[in-house]
Amino acid sequence: MSEPFQVLTSRTVTLSQANIDTDQIIPARFLTTTTREGLGKAAFYDWRYEGDGSEKPEAILNRIDPAEHRILLAGKNFACGSSREHAPWALYDYGFRAVISTEIADIFTSNALKNGLLPIVVSQAVWDDLASQPDQPVTIDLQANEIRRGNALPVPFGVESFARQCLLDGVDTLGWLQSNLPEIEAFERSRETI
Amino acid sequence: MPKTLFDKVWDAHVVRSETAETPGVLYIDLHLVHEVTSPQAFSEIEARGLKVRRPDRTYATLDHSTPTLPAGLNGLKPYVTAQAEAQVHTLERNCAAHGVRLAGWDSDDRGVVHVMGPELGLTQPGMTVVCGDSHTATHGAFGALAFGIGTSEVGHVLATQCLLQRKARSMRVTVTGRLQPGVSGKDVALAVIAAIGFGGGTGYVIEYAGEAVRSLDMEGRMTLCNMSIEAGARAGMIAPDQTTIDWLRGRKNVPADYEAAAAEWLTLATDPGAVFDKEVVLDGAAIRPMATWGTTPDAGAPIGSPVPQPQSDSDRKAIAYMGFTAGEATTNQPVDVVFIGSCTNGRLPDLRAAAEVLRGRKVKPGLRMLVVPGSEAVRRDAEAEGLHEVFIAAGAEWRIPGCSMCIAMNGDVVAPGQLAVSTSNRNFEGRQGKDARTILASPATAAATAVAGVLTDPRVFLRETIGAQNV
């Protein structure tokens with residue numbers, strides 16, 4: 001399980017294109033792995049590397065230090081497409097801890113929250129404002145549910161309450177789900193008697 | 001209070017209701033598993049000392065990483081990499097260790113997961129169905145609530161047969177009127193996605209309704225529900241009717257007292273007066289054979305219409321990637337590859353529609369055409385009808401079932417820069433291979449394109465066929 005997520009202060013990196021799909025985040029040919037480790041290299045692979053494997057020097061994700069850019073500011077409808085959890089695994093391993101967009105795909109949101117990667121949906125105005133000052137560090141405070149930057153007014157954001165608590169505590173959801181086993185068994189019995 | 005189809009299936013599976021603090025616990029009737037999104041889930045539950053709780057509700061297949069060419073003279077299957085082969089063996093081992101049924105290499109049932117489930121009667125109306133695959137919505141064609149999940153959730157279902165869920169909003173998409181000849185479920189799907197928009201369904205479960213939807217056969221309905229995710233929707237559903245009941249009757253795994261079950265299924269339909277969070281209505285009679293011009297599935301238009309003027313940088317980038325020009329039709333661009341298959345369009349009627357166009361005709365020289373049946377059952381049935389001979393005589397390759405060139409992770413790829421017309425579900429940049437360009441279309445359109453060498457409305461050929469018969 002990933003580390004707890006409480007307060008994160010970092011610079012952002014912007015990929016403004018709309019509809020960045022999961023095949024861009026991690027191309028399918030990297031999905032034959034049977035582990036979740038080491039996928040950072042595959043993150044946005046075709047955006048970062050040529051066909052012969054050489055680095056594209058102009059690619060923004062090759063120019064930044066991931067350790068200083070933990071927040072991805074992404075265009076609308078981010079991570080649409082497939083259900084591959086390899087997408088948040090790759091983004092996390094690359095170094096991202098949060099994604100901010102005006103719209104984020106459902107399955108990716110669910111997957112990201114289970115892997116210590118915080119997906120945040122903001123209004124277009126907030127997004128534009130964040131994108132306009134790429135060098136100014138942004139603080140994402142999950143305790144307070146707000147984004148802060150410089151002297152600007154804090155921007156509140158919402159995260160599904162249970163996933164938020166799991167992120168804050170750095171625990172996963174399977175344990176809690178298992179604590180429902182008596183109810184699950186009772187549910188099964190009730191259906192078998194119909 | 002009147003309920004929707006979605007409400008009825010949802011309510012019947014709530015183990016624990018959601019609250020402000022916690023999501024609901026939703027019971028899962030059928031868990032379909034494949035080799036790509038399951039290894040880490042099995043590892044996770046094993047690391048916790050857990051077993052698969054309901055192997056009887058779990059069913060696995062090999063489809064994504066599998067080669068579609070037969071074993072060579074050395075007896076070895078031509079896997080794209082050793083890692084792909086290892087992934088397949090990992091699923092074989094996991095299924096053996098946990099008592100999960102696997103339609104493996106030696107099984108007559110093996111197929112693309114969303115083709116196989118319904119064929120075997122595993123998918124039934126009123127069920128909850130999940131799989132680590134976003135096209136799981138396919139099974140909604142039977143009035144099941146079916147959706148894709150990530151690998152962590154695959155682990156949740158393996159361990160508990162449940163998922164933590166908050167209920168999605170509901171959207172009804174009504175397609176009115178009668179579909180024109182030559183217009184298929186795929187064309188309806190592309191028209192619906194173009195109307196809703198790529199992210200327009202995010203947060204919703206769609207119910208498809210209306211005369212045009214009712215008129216589709218089960219395979220057409222599966223195609224429509226399959227692509228719900230391409231509008232961002234978690235699931236797509238169609239109320240069971242006589243078409244559903246007739247299709248499932250006699251299949252393996254259906255209830256012993258079939259008629260009683262069928263009568264129950266008919267009660268799942270949305271009640272009159274039930275309210276949806278959103279309603280969309282399309283005129284089905286106005287739908288023409290569709291094809292995409294961009295790199296998102298909503299960038300679709302009737303074949304022959306000009307590429308629209310870009311509305312955004314993303315549009316400009318998409319049109320440039322595709323090598324098209326705004327204001328010009330795409331029907332003059334030479335096509336390099338035609339792919340027929342996938343969980344969207346790899347079923348028997350899809351192959352029949354393609355064969356109808358190809359019969360007595362040839363694939364354009366220099367164009368590569370791949371036909372990949374969605375399952376062993378589809379392959380058997382198609383070969384019994386001689387469809388494979390039509391494809392081979394036309395110059396196409398007839399392959400072994402699998403996901404193949406749809407996700408292009410098994411070695412079946414479109415080469416860099418090549419233009420493909422595919423019956424699959426995604427035209428994303430590089431989806432069918434690095435720098436490959438993809439146009440999505442129906443099987444009939446794909447076949448017509450293979451003959452003409454450029455994107456072609458299949459009604460041209462179908463009219464010729466009809467004309468010839470009349471002579």
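Let's start where the two chains meet: in this predicted model, the contact takes 55 residues from chain B and 44 residues from chain A. On the chain B side, the elements that give two or more residues are strands S1 (14-16), S2 (24-27) and S8 (162-165), together with helices H2 (39-47), H3 (82-98), H5 (151-160) and H11 (313-322) of chain B. H5(B) supplies the largest share of that side, 6 residues. By residue class, the side of chain B that touches chain A divides into 19 nonpolar, 26 polar and 10 charged residues.

Staying with H5(B), follow the chain to B:Gln161, which is found in the loop between H5 and S8 of chain B. This residue has a positive phi of about 65°, although it is not a glycine. Is B:Gln161 buried or exposed? There are 24 C-beta neighbours inside 10 Å, so B:Gln161 counts as buried, the cut-off for that class being 20 or more. A second non-glycine residue with a positive phi is B:Asn253, at about 75°. B:Asn253 lies in the loop between helix H9 (242-248) and helix H10 (258-265) of chain B. Here the count is 14 C-beta neighbours inside 10 Å, and B:Asn253 therefore counts as partly exposed.

Now step back to the layout of chain B, which is divided into domain 1 (5-165), domain 2 (169-286) and domain 3 (290-470). The centres of domain 1 and domain 3 of chain B, taken over C-alpha atoms, are separated by 28 Å. Between these two domains, 21 residues of domain 1 are in contact with 22 residues of domain 3. Helix H4 (residues 113-119) of chain B gives the most to the domain 1 side, with 4 residues. That side divides into 8 nonpolar, 8 polar and 5 charged residues.

Finally, look at an open sheet of 5 strands in chain B, with parallel pairing and the order S17-S16-S15-S18-S19. Why is one side of S17 and of S19 left without a neighbour in the sheet? Strand S17 (397-398) and strand S19 (437-440) of chain B stand at the edges, and each has a single partner strand, so one side of each stays free of a neighbour. Strand S15 (residues 337-340) and strand S18 (residues 419-422) of chain B pair in the parallel sense over 3 bridges. For B:Val338, the bridge partner in S18(B) is B:Val421. Helix H16 (residues 443-452) of chain B lies across S15, strand S16 (368-371) and S18 of chain B, and runs at about 150° to S15(B).

Notes
Residues numbered from 1 in each chain as written. Chains lettered and ligands numbered in written order. Predicted model: local features only at pLDDT ≥ 70, side-chain atom pairs only at ≥ 80, totals over all residues. Pairing = 2+ DSSP bridges. Contact = placed C-beta atoms within 7 Å. Axes fitted to C-alpha atoms, helices over the stretch in contact; angles between N-to-C directions. Nonpolar A, V, L, I, M, F, W, Y, C, P; charged D, E, K, R; others polar. Domains from an automatic or database assignment. Buried ≥ 20, exposed ≤ 12 C-beta atoms within 10 Å, placed from the backbone.
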